[in-house]
Amino acid sequence: SLETNVKGYDYGKTAKPSPITLKELELLKATVLFSPTDEENLRKAGGVLIEQADAIMDIWYELIGSHPHLLIYFSKNNMANLEYLTAVRKRFIQWVKDVCLRPFDQAWLNYQHEIALRHHSIKKNKTDEIEAAPIVHYRYIIAFIYPITATIKPLLANKGHAPEEVEAMHQAWFKAIVLTVTLLAYPYVRTGEF
Ligand code: HEM
């Protein structure tokens, strides 16, 4: 089930709607060549990835933890905030489920915008009421497309699917990540230039 009581996970109850319209979302989907087949493959990927969610998070957190220039975003005075890392980890798992299983509709769009605000100075640190770096610099969000895509492939192969099925699920995941990271750019781009 997608129902959850993860602290600070506000899917379906964001204060503000996304500034991006469903029409614009459709054009973005067309731009990343996202098809109904990709949607099916994302559902299938969900079936493979969700039970491995902790393994996924271990890989991504190891990546962040081993790069001080990334860990700084979860830190204050160079001290990583474990409470913050733990709280965000739960919402990140939720997001993996959402990417795979939710329809990309208005509620999905709204929550991607909320996630964007939470990386930007507009809302970073507010959800967990902690002190840490005031913004995640957008360059690292774009750069993170690579590891978040590459590290998923071996996990997609863990449940006995044929290589071409793994490849199809991986392509669908890659498109969904590019779509998400595009939406995360909104608060970082000057008004009217997104
Ligand atoms: C939070 C996704 C890149 C740092 C989150 C959350 C998601 C997410 C889903 C939880 C949102 C929620 O509260 O429900 C992504 C995606 C990325 C990306 C898709 C790129 C592919 C990065 C990078 C960093 C980073 C490179 C830098 C280390 C953070 C921080 C939070 C967060 C600090 C907590 C923000 C807060 O204070 O609420 N991210 N992220 N993210 N992410 Fe990212």
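Q: In this predicted model, how many of the ten residues of helix α1 are buried?
A: Helix α1 covers residues 22-31 and is hardly covered by its surroundings. Just after α1 comes Leu 33, with a positive phi near 60°. Among the ten residues of α1, the count of buried ones is one.

Q: Is α6 largely enclosed or not enclosed by the rest of the structure, and which helices do its buried residues pack against?
A: Ten of the 14 residues of α6 are buried, so this helix is largely enclosed by the rest of the structure. Among those buried residues are Trp 108, Tyr 111, His 113 and Arg 118. They pack against α1, α5, α7 and α10.

Q: How far apart are the end C-alpha atoms of α6?
A: Let's start from the helix rise: at 1.5 Å a residue, the 14 residues of α6 should span 20 Å. The model agrees with that expectation, as the end C-alpha atoms are apart by 20 Å.

Q: Is Trp 60 buried, partly exposed or exposed?
A: Trp 60 sits in helix α3, residues 53-65. A buried residue needs 20 or more other C-beta atoms within 10 Å, and an exposed one has 12 or fewer. Trp 60 has 18, so it is partly exposed.

Q: Which helix supplies the largest share of the shell around the ligand?
A: The ligand is surrounded by 26 residues, and the closest include Arg 91, Trp 95 and Arg 118. Helices α5, α6, α7, α8 and α10 each supply at least two residues of this shell. The largest share, four residues, comes from α5.

Notes:
Residues numbered from 1 in each chain as written. Predicted model: local features only at pLDDT ≥ 70, side-chain atom pairs only at ≥ 80, totals over all residues. Near = placed C-beta within 6 Å. Expected span 1.5 Å × (residues − 1). Contact = placed C-beta atoms within 7 Å.
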